[in-house]
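Let's walk through this one together, one question at a time. Have a look at the model first, then we'll start with its aromatic rings.

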Amino acid sequence: MVQQVTRGIKISVETTYEGSFYKNYKIQYAFGYTVTIENQSKDSVQLNARHWEILDALNNVEIVSGEGVIGKKPVLKPGESHTYTSGCLLTSPFGAMQGHYSMVNFTTTKNFKVIIPTFKLSAPFAIN
């Protein structure tokens, strides 16, 4: 598990290898990740958007940006957390992801970014 705190928002990420399959004559490696967003600050905040950089072993980078996480824009009061699970496909058995969440602080009405720490994606059979 990797963890990082930015402006009182703690991000924890755990990963799993889900398996591989062929799609369009290419092998795809499926990974899952579970993110917990914990508000350790004294202010209520809302997650509005996400930005991911997904890197495979061949240095291919895929950028994924969008509103919320899995269709939600969670509001977190002090001490609350939100956990969700998602996934990605790679063309190699290992890679990494990193990114940030765009959030708003309801007390100050200011937008801010929360860093998602870099985490590795690795199939158990892959030598990394």
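Q: How many aromatic pairs does a search of the whole structure find?
A: Keep in mind that this is a predicted model. Rings count as a pair if their centres lie within 6.5 Å. Searching the whole structure on that basis, the number of aromatic pairs found is seven.

Q: Are the rings of Tyr 29 and Phe 125 stacked, edge-to-face or tilted?
A: Their centres are 6.3 Å apart and their planes sit at 45°. Planes under 30 degrees apart count as stacked and over 60 as edge-to-face, with the rest in a third class. An angle of 45° fits neither of those two, so this pair is tilted.

Q: How many residues apart are Tyr 29 and Phe 125?
A: Tyr 29 sits in strand 3 (residues 26–39). Phe 125 is in the segment after strand 9 (111–122). The pair therefore links distant parts of the chain, and the separation is 96 residues.

Q: Is Phe 125 buried or exposed?
A: Buried means under 20% relative accessible area, and exposed means over 50%. Its partner Tyr 29 has 11%, so Tyr 29 is buried. Phe 125 has 53%, so Phe 125 counts as exposed.

Q: Which strands does the pair of Tyr 33 and Phe 119 tie together?
A: These rings have their centres 5.7 Å apart and their planes at 50°, so they make a tilted pair. Both residues are buried, Tyr 33 at 5% and Phe 119 at 2% relative accessible area. The parts they tie together are 86 residues apart in sequence: Tyr 33 lies in strand 3 and Phe 119 in strand 9.

Q: Which residues form one aromatic cluster?
A: Tyr 29 and Phe 125, the tilted pair from before, both belong to this cluster. Together with two other aromatic residues, the members are Tyr 17, Tyr 29, Phe 31 and Phe 125.

Q: Which strand gives the largest share of the lining of the largest pocket?
A: The largest pocket has a volume of about 160 Å³ and is lined by 13 residues, with Tyr 33 among those nearest its centre. Strand 4 (45–56), strand 5 and strand 7 (81–90) each give two or more residues to the lining. The largest share is five residues, and it comes from strand 7.

Q: Which residues make the nonpolar surface patch of about 250 Å²?
A: One member, Val 61, is in strand 5 (residues 61–67). Val 61 has a relative accessible area of 53%, so it is exposed. The patch is made by Leu 55, Val 61 and Ile 63.

Definitions and conventions. Residues are numbered from 1 along each chain as its sequence is written. This is a predicted model: local features need pLDDT of at least 70, side-chain atom pairs count only at pLDDT 80 or more; totals for chains, interfaces and linings use all residues. Side-chain values use heavy atoms; hydrogens and water are left out. Patches are made of residues with over 30% relative accessible area and no salt bridge: like charges are joined within 9 Å, nonpolar side chains (Val, Leu, Ile, Met, Phe, Trp, Tyr) within 5 Å. Accessible areas come from the Shrake-Rupley method with a 1.4 Å probe; for residues, only the protein chains shown count as cover. A salt bridge is a side-chain nitrogen of Lys or Arg within 4 Å of a carboxyl oxygen of Asp or Glu. Helices (H or I, at least four residues) and strands (E, at least two) are DSSP runs, numbered from the N terminus. Buried means under 20% relative accessible area, exposed over 50%, partly exposed in between (1.4 Å probe, protein chains only). Rings of Phe, Tyr and Trp (its six-membered ring) pair if their centres lie within 6.5 Å; planes under 30 degrees apart count as stacked, over 60 as edge-to-face and the rest as tilted. On a 1 Å grid over the protein atoms alone, a cavity is a set of points where a 1.4 Å probe fits but cannot get out, and a pocket is an open set with protein on both sides within 12 Å along at least five of seven lines; lining residues have an atom within 4 Å of a point. Grid points are joined across faces, edges and corners, and a volume is the space filled by probe spheres set on the points.
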